[in-house]
Amino acid sequence: MARPGHARNRGSLEEDEDEEAEDPVDAMILRTGCAVQHRELQECMAARQDWRHCQPQVRAFGECMARRQRAEE
């Protein structure tokens, strides 16, 4: 079963069986240091089904990503 969050099309049964493989989007977000904010946003989206109801989480994730970008500059 695929993890909730980022939908990906998988091309073969072999890939479906390899649930241990890390999602590249998840790996990228882990490297940013904003994984906690991203998880909270994903949980809100799953529960509320409408990003407008998740504005505190959207802002927290956006601010974390902005801090990361500023640090890289």
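# A tour from Cys 44 outward

Select Cys 44 to begin: at 10% relative accessibility this residue counts as buried, where buried means under 20% relative accessible area, exposed over 50%, and partly exposed in between, with a 1.4 Å probe and protein chains only. The model is predicted, so local features need pLDDT of at least 70 and side-chain atom pairs count only at pLDDT 80 or more, while totals for chains, interfaces and linings use all residues. Residues are numbered from 1 along each chain as its sequence is written, and side-chain values use heavy atoms, with hydrogens and water left out.

**The whole chain**

Before zooming in, colour the chain by secondary structure, which shows four helices and zero strands in the order α-α-α-α along the sequence; helices (H or I, at least four residues) and strands (E, at least two) are DSSP runs, numbered from the N terminus. Of the 73 residues of the chain, 18% count as buried. Among contacts between residues at least 6 apart in sequence, 30% join residues at least 24 apart, a contact being heavy atoms within 4.5 Å.

**The disulfides**

Next, show the sulfur atoms of the cysteines. How many disulfides does a search of the whole structure find? There are two, a disulfide being a pair of cysteine sulfur atoms within 2.5 Å. Counted along the chain, the bonded cysteines follow the pattern 1-4, 2-3.

Return to Cys 44 and add Cys 54, to which a disulfide joins it with an S to S distance of 2.0 Å. This pair links distant parts of the chain, with Cys 44 in helix α3 and Cys 54 in the loop between α3 and α4, ten residues apart. The torsion about their S-S bond is about -90°, so the disulfide is left-handed. Cys 54 is at 0% relative accessibility and therefore counts as buried. Leaving out residues up to four places away in sequence, Cys 54 touches Leu 41, Cys 44, Met 45 and Arg 48.

Now select Cys 34 and Cys 64, which form a disulfide with their sulfur atoms 2.0 Å apart. Here too distant parts of the chain are linked: Cys 34 sits in the loop between α2 (24-32) and α3, and Cys 64 in helix α4, 30 residues away. Their link is left-handed, with -90° about the S-S bond, and both Cys 34 and Cys 64 are buried.

**The nonpolar core**

Keep these four cysteines displayed and add Leu 41 and Phe 61, since together Cys 34, Leu 41, Cys 44, Cys 54, Phe 61 and Cys 64 make up the largest nonpolar core, six residues in all. The elements giving two or more residues to this core are α3 (35-48) and α4 (55-72). A nonpolar core is here a set of buried Ala, Val, Leu, Ile, Met, Phe, Trp, Tyr and Cys residues joined through side-chain atoms within 4.5 Å. In soluble globular proteins, nonpolar side chains tend to be buried together.

**Where α3 meets α4**

Show α3 and α4 as ribbons: their axes come within 9 Å and cross at roughly 155°, the axes being lines fitted to C-alpha atoms, for helices over the stretch in contact, with angles from 0 to 180 degrees between N-to-C directions. That makes α3 roughly antiparallel to α4, a label given to angles over 145 degrees, whereas those under 35 count as roughly parallel, 65 to 115 as roughly perpendicular and the rest as oblique. To see the contact itself, select Gln 37, His 38, Glu 40, Leu 41 and Cys 44 of α3, together with Gln 57, Val 58, Ala 60, Phe 61, Cys 64 and Arg 67 of α4.

**The loop between the helices**

Move along to Gln 49, which lies in the loop between α3 and α4 and is exposed, with a relative accessible area of 63%. Its phi is near 60°, a positive value in a residue other than glycine. Most residues other than glycine have a negative phi.

**Last stop: Arg 68**

Finish at Arg 68 in helix α4. Is this residue buried or partly exposed? At 32% relative accessibility, Arg 68 counts as partly exposed. Apart from its neighbours within four places in sequence, Arg 68 is in contact with Arg 31 and Thr 32. Draw a distance from Arg 68 to Thr 32, and the C-alpha atoms are found 6.6 Å apart although 36 residues separate the two along the chain.
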